There are 2 protein chains.
Amino acid sequence: MHAQNLVDQNAIIESSSTALLPTEEQSVVDLILKAILEQRIAPGTKLGEEALANIFGVSRTRIRRVLLSLSHRYVVELRPNRGAIVASPSEQEARNIFEARRAIELAIAKGLAKQIGRSELAELRKHVRAEADARKRADSREAIRLSGEFHLLLARLAGSKTLSGILETLVSQTSLIIGLYGHRHGSSCAYEDHEEIINALNSKDPQKASALMLDHLEKIESTLDLTPEPTMSQDLHSIFGQIAAKD
Amino acid sequence: MHAQNLVDQNAIIESSSTALLPTEEQSVVDLILKAILEQRIAPGTKLGEEALANIFGVSRTRIRRVLLSLSHRYVVELRPNRGAIVASPSEQEARNIFEARRAIELAIAKGLAKQIGRSELAELRKHVRAEADARKRADSREAIRLSGEFHLLLARLAGSKTLSGILETLVSQTSLIIGLYGHRHGSSCAYEDHEEIINALNSKDPQKASALMLDHLEKIESTLDLTPEPTMSQDLHSIFGQIAAKD
DNA sequence: AAATAAATTTTTGTGCACAATAATTGACAT
DNA sequence: ATGTCAATTATTGTGCACAAAAATTTATTT
């Protein structure tokens with residue numbers, strides 16, 4: 001792992017989630033999380049404790065808690081005695097995660113449509129403008145992050161810390177999934193969909209809002225290639241398949 | 001805290017959840033969790049590290065991780081430099097938790113109705129028999145635990161580790177909520193409701209299954225007293241209210 | 001006696017040394 | 001070469017001593 005990948009942040013730190021770690025540790029969590037979600041570190045990458053401790057200039061004791069915390073978000077996998085790696089959700093897990101997102105986000109959309117106000121709508125529109133801007137600038141990292149954060153923003157506006165907390169975990173995992181199974185760059189949410197959802201919320205139409213959310217989530221899932229086994233073995237087949245067939 | 005409360009378990013250990021702690025630690029987690037969920041330790045109770053270390057005969061280092069793990073489940077609250085206490089979900093959090101449960105469990109019921117098989121139905125009926133039995137024996141602890149576990153069983157049978165994991169957290173919190181806000185003993189699920197749900201699943205009727213689940217969850221929530229502030233101040237008022245009024 | 005402050009005790013937080021385990025390298029045999 | 005085994009190196013896991021903070025007790029002042 002290269003230090004470059006982890007400290008390269010210019011932008012704002014995630015900083016959401018229920019703060020129960022010391023602030024210093026939380027910022028390391030956020031940094032690593034951001035790096036993973038922007039796909040600067042690939043799934044499967046080893047996250048050595050000593051290496052991280054050096055990079056961030058904190059003790060191993062702390063790194064250890066950081067890794068534990070990230071593992072609770074299912075963003076890193078902790079293998080006993082073998083260290084931490086960036087998680088690689090399986091194809092089955094990917095489906096389950098989308099299933100869970102459907103359940104939760106339809107409810108959020110429905111609930112929000114019933115009680116949304118002016119200022120919330122403004123905040124949403126502002127966010128989507130930022131998404132459009134990132135896309136225009138071809139800043140795909142930012143675009144990926146913002147499109148995930150749109151969904152988190154909806155959860156926050158719905159006023160349930162419980163649901164936001166759950167969705168945070170699911171959105172993080174979705175980023176990993178898109179990195180693993182999404183072929184073309186179009187995999188991340190289209191901000192146009194987000195605009196439509198906002199319009200439905202604006203017209204206080206719960207049915208429409210949730211229907212659009214469903215379409216949107218299904219669209220994202222459909223851009224993925226969730227047919228075969230994990231990435232690695234797939235590559236081997238596509239590389240050696242023809243040679244083996246000739247035999 | 002009395003050691004009695006924590007080691008008194010005769011029954012089976014929870015043992016679900018994604019095991020990423022050493023098995024020894026996991027069993028301490030399960031023991032404390034069980035004690036909390038069966039309401040043998042009240043919300044707000046201090047969980048001193050040294051005390052727990054002595055009770056369970058493990059080092060403080062380990063207890064520390066155990067408490068961290070329980071805090072991720074929102075079952076204990078970790079107050080920096082002030083130690084851990086059993087969590088007391090606020091009235092608002094309680095509502096949010098039920099909202100989340102509705103979103104998730106309706107989806108589970110719907111999905112399960114479409115794909116449930118013979119053996120799954122048998123397992124569910126067996127579970128409900130155990131519930132009825134516990135009720136008949138007036139073993140309210142067991143009854144509380146089993147009625148929560150029925151919901152977890154549904155999630156497991158639905159085949160999504162993601163949803164089960166989320167629901168586990170929510171069910172744990174629900175136990176705390178019932179302990180805090182549920183006045184009469186009838187607060188825990190009636191197993192009769194569970195039977196009805198099973199029947200709907202049996203007849204592969206997704207609409208009915210989810211409708212019954214909704215009723216069931218709303219019934220539980222409605223037995224709670226979620227009007228006022230946290231427990232303590234409420235008690236003080238109900239104790240001193242009349243005296244103050246006389247003045 | 002009530003309130004404030006100082007001193008003491010208790011409890012939580014952290015780094016570090018060492019133990020346990022896994023990964024790597026090298027030697028040897030087939 | 002290829003595979004197996006031993007020795008070495010590197011990495012993770014844990015207890016403990018000490019630091020930091022909070023809670024409690026005692027002393028002091030008004």
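Which residues are the closest to DNA strand D? They are Arg60(A), Arg64(A), Ser59(B), Arg62(B) and Arg82(B), among 14 residues that surround the strand, where near means a heavy atom within 4 Å.

A word on the source. This is a predicted model, in which local features need pLDDT of at least 70 and side-chain atom pairs count only at pLDDT 80 or more, while totals for chains, interfaces and linings use all residues. Residues are numbered from 1 along each chain as its sequence is written, chains are lettered from A and ligands numbered from 1 in the order written, and side-chain values use heavy atoms, with hydrogens and water left out.

Back to the DNA. Of the atoms of strand D that come within 4 Å of the protein, 72% belong to sugar and phosphate. By class, the surface near strand D has seven charged, six polar and one nonpolar residue; Asp, Glu, Lys and Arg count as charged, Ala, Val, Leu, Ile, Met, Phe, Trp, Tyr, Cys and Pro as nonpolar, and the others, Gly among them, as polar.

Now some polar contacts, meaning pairs of N or O atoms within 3.5 Å. An N or O atom in the side chain of Arg60(A) is 2.8 Å from a base nitrogen of strand D. For Arg65(B), a side-chain N or O atom is 2.9 Å from a phosphate oxygen of the strand. Glu49(A) has a polar backbone atom 3.3 Å from a phosphate oxygen of strand D.

Helix H4 (60-72) of chain A and helix H4 (60-72) of chain B each give two or more residues to this surface. H4(B) gives the most, three residues. Helices here are DSSP runs of H or I, at least four residues, numbered from the N terminus.

Definitions and conventions
A polar contact is a pair of N or O atoms within 3.5 Å; within protein, one must be able to donate a hydrogen and the other to accept it, and residues adjacent in sequence count only if both atoms are side-chain atoms.
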